[in-house]
Amino acid sequence: MSERYVCIHGHFYQPPRENPWLEEILRQESAHPYHDWNERIDKESYAPNAFSRILNERGLISRIVNNYARISFNFGPTLLQWMEKAAPDTYQAILEADRRSAEHFSGHGSAIAQAYNHMILPLANRRDKQTQILWGIRDFENRFRRFPQGMWLPETAVDVESLELMAEAGIRFTILAPRQAEAVRPPDHDGWIDVRGERVDPSRAYRVPLPSGRSIAVFFYDGGLSRAVAFERLLSDGHTLARRLMDAGGSARGPGSLNHIATDGETYGHHHRHGEMALSYALKIIEDSRNVRLTNYAEYLERQPPTWEARILEDSSWSCVHGVERWRSDCGCSDGSNAEWRQSWRKPLREALDQLRDRLNPAYEQACKGLLNDPWGARDRYIDVVLDRDHGNVAGFLEREAGRPLDQGETVRALKLLELQRNAMLMYTSCGWFFDDLGRIETLQVLRYAARAIQLYDVLFTEDVEEEFLGLLARARSSVTGLGSGADLYRTRIAPERMGLDRVGAHHAVSSIFRNGDNGVGTEHRIYCYSVRVDEHQRLTAGGIRFELGRLRVTSVITRSTERFSYGVLHMGDHHLVGGVRPLGSMPGHRDRVADLVDAFEKGSTLDIIRFLDRDFSASTYSLNSLFRDEQERVVHRILETSLGDAEQTLGSLYESRMPLMRFLADLSIPQPRPFRAAGEFVLNTRLERALNEDEPDPVRLESLFHEAKLTGLRVDREVLGLAAGAAVERLLVKLAEAPDDAEQMIRTRRVLDFIRSLPFATDLWRAQNVYFRLLEDEYPYRMGRAQEGEGDARWWLKEWDALGSALGVALPALDPEVLEAAPRRRSSDVAG
């Protein structure tokens, strides 16, 4: 075959960031203005690659394409788990891309699997390697509905044992860096050719023979070209990128050769802004070129089976020139942001975790006797529970593994043992060692997983393992003044986050004060990975004071453990709140506590209530500080609503009474007095944001408010209002998509969009453009056909649709001028209301 092949691989990955006690990501301030880093990188890379723009010569959007359907890619399983719930549009686009890629690439989907939570496999024991590989495969099957042909090794870190386990599991190929090739052997030759130092020819697949007699195919990507994409601004020009990809190797690479690169997927958009657009344009050029075929690795293997053999360089990786030392020693590799810092903390961190693992494993194995027939096989298969925690699925899994139904106590113990093992693997996520300092969020995260594993061990066994762990961790020291050692960070940052069911009960009790009407007996509430059932509830009020007390039951969805609690919460207005939660104990004792508290409330003795709470709940008293962070923000926002409403009313009166004077001052170019400016900008921005957030924004109202800002010289919040304006257009377009024949909605949408586009600041129209394109694909050909048949309404629709597209920066297919000219005129004043 005369074709040359081009393949682009993206490794899309974020470390697991979930709080191990809540199984949710809590707010990460360093990701501002986004909730967390997953959300931020989704907005900057993952979503833009799913809906990537190709621009025409006028800078208008001519196509929106799914890059994933034309490249080879892998996504970290824990990232996809987050994305499925938090970014469903991106998630579905990724799954759809794999289905569509199979149509392009001879039945071979472009997605490949990844070892589960990005553990450095050469540094893991055999059992962990096997579980990581099997979990990665099973997660992939669950999402993509097929068996993966390839698997990405975390950091491409490789050893022969890992390749053996992958081949045994059915994996056909993996992707490595060129420096990971030690030697190659041509077909029908006995001698090996040394290719260390990136001298391997990347233009073919290689077969790696394994000691078991199995083999696995390996692709060594083009190192120089991959570096140019990732670090040398090759993504600044899609045309140049395409030419470099097609011409790599020059005439030395003949028909059937493969030009391919591999980089972090976040390169396209997150590391390089608009890099996804350069990628889209390059893919289009390659697809349109003769004698070059865009491919993925599985299709290439089928068309060009490996005839050369290769030996890998054991314990090597793509991001450490010293092998895998970056994840166990101060080798000198770092992110480069703090050149004077040392990473001597890496070795004691790894040693502390290894020691902890080696203490946990024998205890796990022993405790499984009589409970799980095959402890390590059960762990390998536990991924089926991680993927689906439905009660029936969990019960079925445990019955199969135990060979009998388990009672409640046995169920809880078995699940805690398996969760101990899951967290003992999560604590090895590679990012914990990758960066410059021990105090970064990635390293703190692996310590959280270690703390959760230790907590489960403490519940299951009597022997203490934490002090020995902290003794080793104390040898790991931060380069940041004041942070101290790993043990210090564990005690000050991690240990306070440890929690039990009582903390969940306290969260529910405190937050229930700010919920209305949904705390009745028998109601159930989901709080992260816990279920809370209200068994008894009383709400007492007197003036501005509210008192709630009762009984509740907290159940972990993860381990099925359950506890019952008494609670009482006194709210004295605003943020003044005190509450207590304690184990239920006996019902007579509970009734006595309730009677004392109700009696004190009815007597109006707030001090007695606080005294009783302190006496009966002792150390288990809580306040707003006890709420989990995200709920804490919601509650504080609700508390502030009344105060902010009062402030808006007061400042609004001041602003309106002084508005003529402020206009006069602005006309004379005299700066506004600070009190006037502060009041005016607060009121005006609040009113603008509220107007934009209305279900049907009124363009007349919006124009009036922005005109006020112009006349008074007041500043508007461009970032907040730009996001709100984009969301307003998206809402209107979604409504139009639901009723495309609604002429009033069409005109209203265009008027709001025309006004928003006239504003003197950037508006985020990205999501609105996506909605427009979906409607374009569904409706435009149909309307065009009807217009060409002479239907006047269809002609009008096309003309309005063209105006919408222009305002959104979208280039439409060419319209017949006669069709446009014949379109009937409809005035905005014709629309009722």
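D596 comes out partly exposed in this predicted model, with a relative accessible area of 32%. Its side chain meets that of R615 in a salt bridge, N to O at 3.4 Å. R615 sits in helix α21 (residues 606-617) and D596 in helix α20 (residues 587-602), so the pair ties together parts that are 19 residues apart in sequence. R615 is partly exposed as well, at 46% relative accessible area.

That pair is part of a longer list: a search of the whole structure turns up 72 salt bridges. Some share partners, and E3, R293, E299 and R303 are joined that way into one network.

Another pair brings together the side chains of E309 and R207, with 2.6 Å from N to O. Here the link spans distant parts of the chain, 102 residues apart: E309 belongs to strand β14 (residues 308-312) and R207 to strand β10 (residues 206-209). E309 counts as buried because its relative accessibility is 16%, under the 20% cut-off, whereas R207, at 29%, is partly exposed.

For D159 and K129, the closest N and O atoms of the salt bridge are 2.6 Å apart. D159 lies in the loop between β6 (151-152) and α5 (160-169), while K129 is in helix α4, 30 residues away. Both D159 and K129 are buried.

Helix α4 (126-144) also borders the loop that holds N117, with β5 (111-114) on the other side. N117 has just 1% relative accessibility, so it counts as buried. Its side chain makes a polar contact with the side chain of T429 at 3.2 Å. Leaving aside residues up to four places away in sequence, N117 touches T78, Q132, M425, L426, Y428 and T429.

Key:
Residues are numbered from 1 along each chain as its sequence is written. This is a predicted model: local features need pLDDT of at least 70, side-chain atom pairs count only at pLDDT 80 or more; totals for chains, interfaces and linings use all residues. Side-chain values use heavy atoms; hydrogens and water are left out. Helices (H or I, at least four residues) and strands (E, at least two) are DSSP runs, numbered from the N terminus. Buried means under 20% relative accessible area, exposed over 50%, partly exposed in between (1.4 Å probe, protein chains only). A polar contact is a pair of N or O atoms within 3.5 Å; within protein, one must be able to donate a hydrogen and the other to accept it, and residues adjacent in sequence count only if both atoms are side-chain atoms. Contact means heavy atoms within 4.5 Å. A salt bridge is a side-chain nitrogen of Lys or Arg within 4 Å of a carboxyl oxygen of Asp or Glu.
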